[in-house]
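The following report looks at one protein chain with a bound ligand, taking up its surface, its interior and the surroundings of the ligand in turn.

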Amino acid sequence: MMKPDLNTGIRYLKGVGEKRAELFAKLDIYTVWDLLNFFPRDYEDRRNTLDISDVRAGDKVCINAYITSNIRTRNIRRGFSVTEFRVLDETGGINVVFFNQKYSVDKLSAGKRYVFFGKVEERGGKLTMTNPTFEAEDSSGQKTGAILPVYSLTAGISADILRGAIRNALSEFSEAIPEIIPEDIRRRHKLAHIGYSYREIHFPTGEEELTLAKRRLVFEELFVLSLGLIHLRGRRKDETGTAFSDTDATPYINSLPFEMTGAQLRVTEEISEDLKKSRPMNRIVQGDVGSGKTAVAAAAVYMAYKNGFQSALMVPTEILAEQHFKSLSEELTKLGIKCELLCGSMRASEKKRVRTLCGEGGVDLVIGTHAIISEDVAFKKLGLMVVDEQHRFGVRQRAALAAKGENPHCLVMSATPIPRSLALIMYGDLDISVIDELPPGRLPVDTLIVNDTKRNDAYNFIKKQLDDGYQAYVVCPLIDDDEESELRSVEAFAKELSDTALSGKQVEFLHGKMKQKEKDAVMRRFVSGETHAIVSTTVIEVGVNVPNATVMAIENAERFGLSQLHQLRGRVGRGLAKSYCILFSNVSRWSPAAERLQALRATNDGFKISEEDLKIRGPGDFFGTRQHGLPELKIASFMSDMRSLELAKGEAQALFERDPALCDANHKNLKERIKSMFNPEEKGNAFN
Ligand code: ADP
Ligand code: MG
């Protein structure tokens, strides 16, 4: 017999139809498969049926009782009705009241026996159950007497409708759900059967059953995710690159104008161990803003140079490339390392010169934007690639850079520290190093939360800072995704400030719609001190270093994620002067948003902040875009399913080693699932 097709449109499911299908679409449910994967966000245990004599105010329970009075409905006023009656079981009686439920109350009849589930309160001195869910005693088990799923709903789709649809989907389709986890893995980890898991996750028969089902589905999701990411990166453990024989960076470290922190030394050592191996390094360095990642990367460049290899350093913006070029070439040239800059906006002849040097080996370190990959650059002997501020780059761009050498060592740097569990997935097979120490003597940035009543004081304060010769950033959120309005709001706000609060100061603006060239010109004037204040959207978020800037003012701060605010704050406090982060926000003091801002004020620790942020927003929103190849998770959680994640990842890696392209017929469904989990444009690409 043909198995029913899980991709059947939801409208064809019993009890749905065309009209409701449109409402289901609002929940992103289009097919039966989507519906089955619409997991409960919670459960309500309605198994506990009490004798009425045992019921107490505050209980949420089932009772099994007769309606022993008339069912009286009064219309208090237009559109407001109250229905009251009394019920009795063998132990006692209780009142039941419904507000505005004429329609459902019509189904009740006096003298019959029902199971009621609801909250019991005291009303006028009498125990009363308010707005209970009910069903006839003989059909019990659908709405009462069981553990029931609680779903996120939308207008027009009630809990009952959704539960009914899922029941129907399960009874018609659960046999069609493919088993995608290979049997040996299932056995090893004692994973429940797939059909069982889907039935139990929606309508658990007990707590243990639910735990089993959930464990299986979480494992499956993380397994598919891990395997997909491994495929995307396409790297294998047995890849060989070049082992460097001399990885002593002491001469470089001694040449620095400062002492490396303990954390910097430790990470440098980790890198040097990697570079000695013939398996290419694949390491991410996480470190808070200002923790000194650049020096560590430069140490790696030095090691490559000592072994006769070229290095490439890729950064997301031209400004950053120029800054790195300036500071690094100063340091490294002294040690004999030849550095060049390569950016898209450079003159064609200049680019050509650098390209030629790359090809001939006349340069040891090329610093640039993605021009390094897009301009037709060939390296003579690329041994190390470094990617800075990696969250701005996709996996693919990294792979493209790596392809410029023969399995070069790869170092990735990130200023968005994330919890280890998430890092394991985000960075797949990357090894992780953490710089968890800031250079000594940094003045912490003071963070202030300011509402409109104090706005003018804050502006006066900013003006005073500018008068003293310092500079300021002012950041506005994107009001909506409309780029036109972004442009207008930033431009208008810059004008307003220079007309009023910051009059007499040079104020410029910056936004995402400007051409890279214009943006860079604006930033250059700010770096040189010509501009006093810069109004922008979050385009300045990444890596720029203007030590003279002492104020970061953020409008509608509550609209930003915590990690993003922390990044923005990291733009100041880079010089010797005390710096300030001013969060403009009018949210009420007791709201959750205010709590988040307080959390930011209370700590400067990027790890704590990102953990807090993840708890609030979940990884999908956390990273904003999909360029990381991280799909939305439906059931697993990076915060709480850490153990499963490690197991699933291990199995995924092992399976990848056995059957890299998933050609085995037994892996067909698994392969399909991976393709559908990753976003459409990546569909099909993952394996080709
Ligand atoms: P990030 O980790 O944010 O990329 P950078 O590498 O840009 O940080 O370093 C920030 C600043 O701190 C730079 O000016 C750098 O020269 C300085 N710095 C780095 N390491 C140390 C150190 N160990 N002691 C003092 N200053 C340091
Ligand atoms: Mg940096």
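Accessible areas here are those given by the Shrake-Rupley method with a 1.4 Å probe. On that basis, the accessible surface of the protein chain comes to about 31,700 Å², and carbon and sulfur atoms account for 48% of this surface. The model is a predicted one, and its protein chain of 688 residues has 52% of them counted as buried. The chain contains 23 helices and 21 strands. Among its contacts with a separation of 6 or more, 74% are made by residues 24 or more positions apart.

**Interior**

The largest nonpolar core is made up of 62 residues, and within this core the most contacts belong to Tyr252, Ile271, Leu365 and Leu411. Helix α10, which spans residues 293–306, supplies the largest share of this core, with ten residues. Once its neighbours within four places in sequence are set aside, Ile271 is in contact with Met281, Arg283, Val285, Val296, Ala300 and Leu411. Another core, of 58 residues, lies apart from the one just described and includes Phe39, Ala169, Ile194 and Ile230.

Pro280 belongs to the loop between helix α9 (262–275) and strand β9 (282–287). Is Pro280 buried or exposed? Its relative accessible area is 6%, and because the cut-off for buried is under 20%, Pro280 counts as buried. Although Pro280 and Pro408 are 128 residues apart along the chain, their C-alpha atoms are separated by 6.2 Å.

**Surroundings of ligand 1**

There are 15 residues around ligand 1, and those that come nearest are Glu259, Gly290, Lys293, Thr294 and Arg442. Sorted by class, this shell holds four nonpolar, six polar and five charged residues. Three polar pairs between the protein and ligand 1 are set out below.

| Residue | Protein atom | Ligand 1 atom | Distance |
|---|---|---|---|
| Gln264 | side-chain N or O | nitrogen | 2.9 Å |
| Gly290 | backbone N or O | oxygen | 2.6 Å |
| Gly292 | backbone N or O | oxygen | 3.0 Å |

On its own, ligand 1 has 560 Å² of accessible area, of which the protein covers 75%. In the pairs of the table, Gln264 thus presents a side-chain atom to a nitrogen of ligand 1, whereas Gly290 presents a backbone atom to an oxygen of ligand 1, and a backbone atom of Gly292 likewise lies 3.0 Å from a ligand oxygen.

Conventions. Residues are numbered from 1 along each chain as its sequence is written. Chains are lettered from A and ligands numbered from 1 in the order in which they are written. This is a predicted model: local features need pLDDT of at least 70, side-chain atom pairs count only at pLDDT 80 or more; totals for chains, interfaces and linings use all residues. Side-chain values use heavy atoms; hydrogens and water are left out. A nonpolar core is a set of buried Ala, Val, Leu, Ile, Met, Phe, Trp, Tyr and Cys residues joined through side-chain atoms within 4.5 Å. Buried means under 20% relative accessible area, exposed over 50%, partly exposed in between (1.4 Å probe, protein chains only). Helices (H or I, at least four residues) and strands (E, at least two) are DSSP runs, numbered from the N terminus. Contact means heavy atoms within 4.5 Å. A residue is near a molecule or strand if one of its heavy atoms lies within 4 Å of it. A polar contact is a pair of N or O atoms within 3.5 Å; within protein, one must be able to donate a hydrogen and the other to accept it, and residues adjacent in sequence count only if both atoms are side-chain atoms. Ala, Val, Leu, Ile, Met, Phe, Trp, Tyr, Cys and Pro count as nonpolar, Asp, Glu, Lys and Arg as charged, and the others, Gly among them, as polar.
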